[in-house]
Amino acid sequence: MECMIKNEYFLGYLLLLFMILPFSGCEPVTDDGSYVDPITLYEKIGGNWKLADIRQVDETAKAAGISPNEIDLYAQFSFGNLSIELKTENNRPVSYQVTGGAPELFPNTGFWQLDTEFPFANGTAPKILLYSDAAKTVKTGELSVTSMPGAKTEMELKLTRTTKGVPFVSYMYSLKK
Amino acid sequence: MKKIALFIAFLCLAHFSMKAADISPDRQWCVPAQYSMDEEITWYFDFSGSTALPDGGDLYIWIWVPVNPVPGLPDPNQDKVKLDYKGDRIWALTFTPTEFFGMSAADIHANPETSFYFLLRSLEFEDWHTGTLSFPKVDYAGDFVKSGKMWDYATDDVQKKLYPTSYLTLWFNANLADGFDGVSDVHIHSGYNNFSDHVIEYHAWETVEAGFPCDQPQTACYTEFKNLGNGIYKKDLVPYEYFQAEKTDPMQNIEFLFVQKDWSATTANQTILAADVPPPPIPVLSLFPTNVSKFDILTIRRTYNVRNSTPLKYEIEGAGKTINGEFTGSLDLQEFYLNIRKEFGDNVSSLHIVIRDHNDNVISDSVKQLTIAD
């Protein structure tokens with residue numbers, strides 16, 4: 001009986017040791033004062049995305065409550081082959097490229113960046129800003145990130161066209177890696 | 001004595017009532033369904049349920065509106081008012097009203113009664129007879145002209161139900177059809193089920209030997225309308241016979257067009273739905289989205305297309321370039337997707353869109369102004 005109690009103590013110590021061990025190697029590198037970039041949205045959004053679905057939304061009809069106000073375009077043209085590569089270097093955005101031969105609803109090549117590096121506290125969808133030049137001075141469009149990659153590497157981008165500031169059509173790109 | 005007199009009277013009454021058998025037709029109809037008074041017509045009477053009338057028993061018509069052509073029976077001219085036994089307990093009287101009554105069509109219509117009133121009887125009235133029967137006395141041609149319709153139809157059913165075995169009357173007013181001015185001959189080019197089955201074409205270019213019987217579809221007279229004068233035409237037919245189909249062949253509709261003798265003018269296609277076939281939904285042509293810029297994809301859709309009209313065709317002009325092609329999809333949904341800028345370039349500001357059915361009938365001809373995107 002005494003022997004069993006001793007064994008229980010021993011196992012308890014052993015368990016404690018295993019729990020502490022993993023942290024022994026995690027000496028904070030910041031201890032020496034050097035800086036590490038925080039995780040930004042670029043890590044989540046950057047990369048090569050393949051189109052899983054695309055829907056066209058009639059914003060005029062939707063605003064007026066008229067149906068149908070949405071159709072699926074995935075089976076049309078060559079949307080099934082569409083890929084969007086959002087290139088990053090050191091987690092900083094550089095260029096992007098759309099491939100696959102689908103209709104060019106926004107320029108197929110250019111440069112990009114987000115309007116925020118971190119999610120907005122109020123839940124506003126971050127935007128991918130598209131530029132024609134590397135200096136990012138000539139803006140050619142923007143895509144709202146309406147669904148952010150999380151546990152699943154899936155993302156939804158929305159391209160909205162407006163006239164005099166009023167949306168009249170939009171395209172919902174469902175993407176996955 | 002009084003009792004004996006009463007008994008004799010009772011016997012007479014019983015004898016009379018036993019001999020005088022009332023009969024009544026289960027159904028009566030006229031062929032053709034609608035007619036003018038100088039046309040030969042046939043009145044049919046089905047006595048399936050009147051057992052007092054033996055199969056093939058003699059029946060005579062005793063008519064008093066508008067006049068009685070044979071005042072009493074028996075009469076030397078009684079064959080004129082005798083019905084033919086057609087078998088299967090159906091009797092018929094074939095006659096031309098103007099000749100039968102010895103009156104002009106105008107005089108027949110001038111009679112104030114709105115029906116022909118008559119009864120059917122045996123030569124000896126007491127053997128069997130009906131009560132008063134009638135057929136409507138209508139100036140069908142006059143009513144059709146007054147209706148202001150380019151065409152109309154009637155069947156032997158009061159609700160105008162059409163079956164393969166119906167007696168169908170088609171009316172046509174050439175005065176109201178473009179390109180038919182001064183035309184003498186009008187033909188029908190027609191088929192079952194939107195021209196999918198049993199098509200009877202009118203081939204104006206085929207030479208048909210004189211005297212060739214008109215019951216052959218390849219003759220011009222097979223498809224020809226009867227000219228009633230003043231631009232009014234009429235044709236009577238029984239669908240399954242005319243279209244050389246079986247009675248049981250599915251008939252959803254009859255589609256047809258009126259054709260001028262040499263095909264120099266035709267009407268648009270017309271359709272009569274068969275009985276109990278629900279009217280198809282009205283086709284809807286739509287452009288998606290409501291507002292579209294040159295950078296966008298325009299989708300043109302048309303729902304509920306009729307048989308034999310697809311694939312639809314498009315012809316679209318923009319910035320001086322024209323493209324043509326066909327829609328894809330089913331009868332229920334024909335669609336076409338247009339990548340505007342790819343087809344028409346950056347200078348396009350509007351699209352002239354013409355949609356035609358498979359037979360080149362224009363369904364829609366419109367201009368779509370493109371929205372200028374910010």
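1. Start with the loop between strand 19 and strand 20 of chain B, which is where B:P311 lies. The peptide bond that leads into this proline, from B:T310 to B:P311, is cis, with omega near 0°. B:Y304 is found in that loop between strand 19 and strand 20 as well. What is unusual to look for at B:Y304 is its phi: about 55°, so to speak on the positive side, although B:Y304 is not a glycine. Keep in mind while looking at such details that this is a predicted model.

2. There is another cis peptide bond worth a look in chain B. It joins B:V31 and B:P32, and omega is about 0° there. Where does B:P32 sit? You'll find B:P32 in the loop between strand 2 (27-31) and strand 3 (41-46) of chain B.

3. Now follow strand 20 of chain B, at residues 313-318, into its sheet. Strand 20 is joined to strand 21 of chain B by 6 bridges, and the two run antiparallel. If you want a pair to click on, B:K313 has B:E326 of strand 21 standing opposite.

4. The sheet around that pair is an open one of 4 strands in chain B, ordered 21-20-24-25, with antiparallel pairing. Which strands stand at the edges? They are strand 21 (321-326) and strand 25 (362-369), and because each has a single partner strand, one side of each is left without a neighbour in the sheet. On average, neighbouring strands here are turned by 15° against each other, direction ignored. As background, strands of a sheet pair through backbone hydrogen bonds, either parallel or antiparallel.

5. Chain B has another open sheet to check, also built from 4 strands: the order is 2-3-6-5 and the pairing is antiparallel. Strand 2 and strand 5 (84-87) are the edge strands, each pairing on one side only. From one strand to the next, the twist averages 25°. At the strand 5 end, 3 bridges join strand 5 to strand 6 (residues 90-95), and these two run antiparallel. B:Y85 has B:W91 in strand 6 as its bridge partner.

6. Next, the place where the chains meet. Chain B puts 20 residues in contact with 26 residues of chain A. Between them the two chains bury about 1,700 Å², and 57% of that is on carbon and sulfur atoms. Which three residues of chain B supply more of its buried area than any other three? They are B:F288, B:I297 and B:Y337, which together supply 36% of the area that chain B buries against chain A.

7. How many salt bridges cross between chain B and chain A? The count is 1. The side chains of A:R161 and B:D296 meet in a salt bridge, at 2.6 Å from N to O. In general, side chains of opposite charge can pair when their charged atoms come close. Polar contacts also cross this interface: 13 residue pairs are found, both residues being at pLDDT 80 or more.

8. On the side of chain B that touches chain A, strand 19 (297-303) and strand 23 (333-339) are the elements that give two or more residues. The largest share, 4 residues, comes from strand 23. By residue type, this side of chain B divides into 9 nonpolar, 6 polar and 5 charged.

9. Over in chain A, have a look at strands 6, 7 and 8. Strand 6 (residues 127-131) is joined to strand 7 (residues 139-147) by 5 bridges, and these run antiparallel. A:L129 has A:E142 in strand 7 as its bridge partner. Strand 7 also pairs with strand 8 (residues 154-163), in the antiparallel sense over 3 bridges. Here A:V145 is matched with A:L157 of strand 8 as its bridge partner. Strand 7 and strand 8 form a hairpin, with 6 residues between them.

10. Strand 8 of chain A also takes part in a salt bridge. Searching the whole structure finds 21 salt bridges over all chains. One of the pairs is A:E59 with A:K158, whose side chains meet at 3.8 Å, N to O. What does this pair link? It links distant parts of the chain: A:E59 is in helix 3 (residues 59-64) and A:K158 is in strand 8, and the two are 99 residues apart.

Notes: Residues numbered from 1 in each chain as written. Chains lettered and ligands numbered in written order. Predicted model: local features only at pLDDT ≥ 70, side-chain atom pairs only at ≥ 80, totals over all residues. Heavy atoms only, no water. Pairing = 2+ DSSP bridges. Axes fitted to C-alpha atoms, helices over the stretch in contact; angles between N-to-C directions. Contact = heavy atoms within 4.5 Å. Buried area = accessible area lost by both parts, 1.4 Å probe. Salt bridge = Lys/Arg side-chain N within 4 Å of Asp/Glu carboxyl O. Polar contact = N/O pair within 3.5 Å; in protein donor to acceptor, adjacent residues only side chain to side chain. Nonpolar A, V, L, I, M, F, W, Y, C, P; charged D, E, K, R; others polar.
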